[in-house]
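Please look through the notes below with the structure open beside them. They are meant for someone who has not seen this structure before.

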Amino acid sequence: MGAAEDCGVKWGLAVLAFTAYAAWQLGLPLRGLGPGVVKLFGIAGQMLPPESGGQLGVFVYSLVETVAMALAATVMAGIAAFPLGLLGAGRVVPSLFARWPLRRGMDVARSIDSLLWALLFVNAVGLGPFAGVMALTMIDLGTLAKLLSETVDHASIGPVEGLEAAGANRWESVRFGILPQVLPAYTSQVLYYFESNIRHATILGIVGAGGIGTYLSDRLRVNDWREVATLVLLILLTVTVVDRCSRWARLRLERGV
Amino acid sequence: MWRTRSCGAYSLLEITGLRKSYGGTTALDGLSVSFAAGQMVGIVGRSGAGKSTLLRCVNRLIEPDSGGIVYGGRDILALRGSALHDWRAECGMIFQQFHLVDRLDAVTNVMLGAVRRRRTLPLLFKIFPEADRRRAMELLERLDLAAQSGQMVRTLSGGQQQRVAIARALMQGVKILLADEPVASLDPENARVVMEALRGLQREDGVTVLCNLHQLELARTYCDRVIGLAKGKVIFDGRPAEMTERIYTAAV
Ligand SMILES: Nc1ncnc2c1ncn2[C@@H]1O[C@H](COP(=O)(O)OP(=O)(O)OP(=O)(O)O)[C@@H](O)[C@H]1O
Ligand SMILES: [Mg+2]
């Protein structure tokens with residue numbers, strides 16, 4: 001057995017031991033698992049048939065609001081993250097000293113969960129979809145900017161060198177040497193974040209940040225399972241449609257249109 | 001040791017005592033050589049001899065540690081800011097891997113050769129003067145690429161891409177062209193076409209061409225003068241006919 005495998009086995013055992021210890025510490029009630037599953041099936045039974053209590057119009061409207069929230073956040077983050085991402089790249093701003101605060105800022109923005117951001121913004125700007133939009137924007141801003149910085153730093157240096165050798169200044173060599181290389185990937189990432197924002201936007205309502213989650217959390221609280229089922233189906237439908245469209249667009253982009 | 005000799009009436013480019021090392025590796029070891037105007041000079045030598053480093057020092061893509069580079073009486077190593085950009089525009093460079101903007105069409109790539117003479121802002125929006133477009137088309141036609149002018153560069157063959165790069169250099173209005181292994185990734189037929197094009201630049205436009213080559217045969221066929229490098233020094237300098245395989249087997 002090689003040293004590498006040996007090391008792998010040791011690590012595997014360590015992780016297992018830690019998991020067992022953690023389970024014991026948390027007092028995971030494994031005995032409760034069986035009845036829990038049974039109860040889950042019971043709830044599934046109570047979901048049938050789904051119904052809307054005459055509020056289908058309201059639900060659909062809140063779903064449109066959810067999509068609008070995701071779209072607004074994606075567009076704002078997509079536009080704002082672009083210059084930030086460029087400035088965070090070593091290729092564009094060689095000084096580590098100037099880049100560091102920007103990169104750390106991106107890390108902070110994306111490491112706070114969307115629900116936490118939503119709570120912060122609900123406090124700052126009040127209940128409603130605006131808080132949700134801001135929460136999603138913050139996360140995407142951090143992630144998209146960071147991804148762009150990394151794409152730029154991994155882009156091939158060839159075109160940049162070719163342009164510099166032709167006398168191009170910094171602006172020109174970034175514009176023509178780097179942008180054409182990173183723009184398709186960036187657009188594709190923005191689309192991907194649109195998909196992810198839709199999913200996130202559906203739960204932000206739980207903390208009062210607008211969207212269909214407002215109704216979902218309300219119906220969950222009063223155990224109105226048949227309306228919950230309607231809401232979940234509506235969300236599924238929307239997420240599927242948006243995912244399909246966006247994936248189609250991303251594939252076209254990657255193939256170079 | 002071969003004495004540096006300049007094969008022309010006056011020397012256009014004088015390099016003296018050029019030194020460059022990367023960490024522990026010495027790429028250029030006090031290299032001195034001068035070039036006359038209007039010649040096509042082949043620079044040959046083993047891999048790692050310092051050929052690329054030499055050319056990159058000349059257009060300041062690399063800063064040498066010490067030494068002097070003087071072009072037409074101008075101290076090239078003292079250039080800063082826009083004067084440096086002007087020098088790079090005057091001194092073209094083409095690369096083994098072409099280094100074009102892959103995702104733009106051929107004619108736009110060629111128009112970018114005029115980058116130094118145009119205002120930055122319109123360029124950033126891809127707004128080029130009509131005259132530049134016409135000139136770029138002429139140059140592509142001259143390099144037998146008229147039919148490919150609208151094609152995305154990455155869909156062109158290697159030989160075609162290298163000719164687009166030459167057209168871009170012509171667009172720059174180069175007086176001297178540095179070619180770093182311009183045909184090393186091309187098949188023999190494309191290599192011939194590209195070498196002919198470089199020869200044409202030298203003969204018809206009076207451009208001084210410094211061309212790194214690793215095939216002695218190409219240097220023999222196309223160059224007026226050959227310089228052999230080893231370990232960052234000149235070990236041969238003369239006419240192609242005088243050159244032997246000795247350059248490669250020379251003490252390493
Ligand atoms: N960026 C770099 N970092 C570290 N060492 C380098 C770098 N560039 C070149 N060198 C070293 O400097 C020496 C000269 O390199 P150079 O690229 O000039 O050689 P060359 O003659 O062009 O070789 P080739 O025929 O392989 O292109 C080599 O030993 C190389 O390893
Ligand atoms: Mg080289």
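Which helix of chain B holds Gln172(B)?

1. Gln172(B) belongs to helix α6 of chain B, which covers residues 158-172. The model is a predicted one. With a relative accessibility of 7%, Gln172(B) counts as buried. Its side chain reaches the backbone oxygen of Arg88(B), at a distance of 3.4 Å.

2. Next, the surroundings of ligand 1. The residues around ligand 1 include Tyr22(B), Thr25(B), Ala27(B) and Arg46(B). Also among them are Ser47(B), Gly48(B), Ala49(B), Gly50(B), Lys51(B), Ser52(B), Thr53(B) and Glu181(B). Sorted by class, this shell is made of three nonpolar, six polar and three charged residues.

3. Several polar atoms of the protein lie beside oxygen atoms of ligand 1. Thr53(B) places a polar side-chain atom 2.5 Å from an oxygen atom of the ligand. For Gly50(B), a polar backbone atom is 3.0 Å from a ligand oxygen. Glu181(B) has a polar side-chain atom at 3.2 Å from an oxygen atom of ligand 1. The ligand taken alone exposes 630 Å², and the protein buries 59% of that.

4. Which elements give two or more residues to the shell around ligand 1? They are β2 (25-36) and α1 (51-58), both of chain B. The most comes from α1(B), which gives three residues.

5. Helix α1(B) is itself mostly covered, with seven of its eight residues buried. The buried residues of α1(B) are Lys51(B), Thr53(B), Leu54(B), Leu55(B), Arg56(B), Cys57(B) and Val58(B). Of these, Lys51(B) and Thr53(B) also appear in the shell around ligand 1.

6. Arg60(B) comes just after α1(B) and takes a positive phi of about 65°. Its place is in the loop between α1 and β4 of chain B. Most residues other than glycine have a negative phi. Arg60(B) is not a glycine, yet its phi is positive. Arg60(B) counts as buried, at 4% relative accessibility.

7. His99(B) is another case to check: its phi is positive, about 55°, although the residue is not a glycine. Where is His99(B) found? It sits in the loop between β6 (91-94) and α3 of chain B. Is His99(B) buried or exposed? His99(B) is buried, because its relative accessible area is 15% and the cut-off for buried is under 20%.

8. Helix α3 of chain B runs over residues 106-111 and contains Thr108(B). Thr108(B) counts as buried, with a relative accessibility of 8%. The side chains of Thr108(B) and Asp105(B) make a polar contact at 2.3 Å.

9. Gly72(B) lies in the loop between β4 (66-71) and β5 (74-75) of chain B. Is Gly72(B) buried or exposed? Gly72(B) is exposed, since its relative accessible area is 53% and exposed means over 50%. Gly72(B) and Leu12(B) are 60 residues apart in sequence, while their C-alpha atoms are 5.2 Å apart in space.

10. Now the aromatic rings. Over all chains, the count of aromatic pairs comes to five. One of them is formed by Phe82(A) and Tyr186(A), with 5.2 Å from centre to centre and 65° between the planes. Why is this pair edge-to-face? The planes are 65° apart, and an angle over 60 degrees counts as edge-to-face, so the pair falls in that class.

11. The two rings of that pair come from separate helices of chain A: Phe82(A) lies in α3 (residues 56-87) and Tyr186(A) in α8 (residues 170-204). The pair therefore ties together parts that are 104 residues apart in sequence. Phe82(A) counts as buried, at 17% relative accessibility. Tyr186(A) is buried as well, with a relative accessible area of 5%.

12. Two charged side chains sit over aromatic rings. In chain A, the charged end of Arg175(A) is over the ring of Phe176(A), 4.5 Å from the ring centre. In chain B, the charged end of Lys20(B) sits over the ring of Tyr22(B), at 5.4 Å from its centre. Tyr22(B) is also one of the residues that surround ligand 1.

How values were computed: Residues are numbered from 1 along each chain as its sequence is written. Chains are lettered from A and ligands numbered from 1 in the order in which they are written. This is a predicted model: local features need pLDDT of at least 70, side-chain atom pairs count only at pLDDT 80 or more; totals for chains, interfaces and linings use all residues. Side-chain values use heavy atoms; hydrogens and water are left out. Rings of Phe, Tyr and Trp (its six-membered ring) pair if their centres lie within 6.5 Å; planes under 30 degrees apart count as stacked, over 60 as edge-to-face and the rest as tilted. Helices (H or I, at least four residues) and strands (E, at least two) are DSSP runs, numbered from the N terminus. Buried means under 20% relative accessible area, exposed over 50%, partly exposed in between (1.4 Å probe, protein chains only). A charge sits over a ring if NZ of Lys or CZ of Arg is within 6 Å of the ring centre and within 35 degrees of the ring normal. A residue is near a molecule or strand if one of its heavy atoms lies within 4 Å of it. A polar contact is a pair of N or O atoms within 3.5 Å; within protein, one must be able to donate a hydrogen and the other to accept it, and residues adjacent in sequence count only if both atoms are side-chain atoms. Accessible areas come from the Shrake-Rupley method with a 1.4 Å probe; for residues, only the protein chains shown count as cover. Ala, Val, Leu, Ile, Met, Phe, Trp, Tyr, Cys and Pro count as nonpolar, Asp, Glu, Lys and Arg as charged, and the others, Gly among them, as polar.
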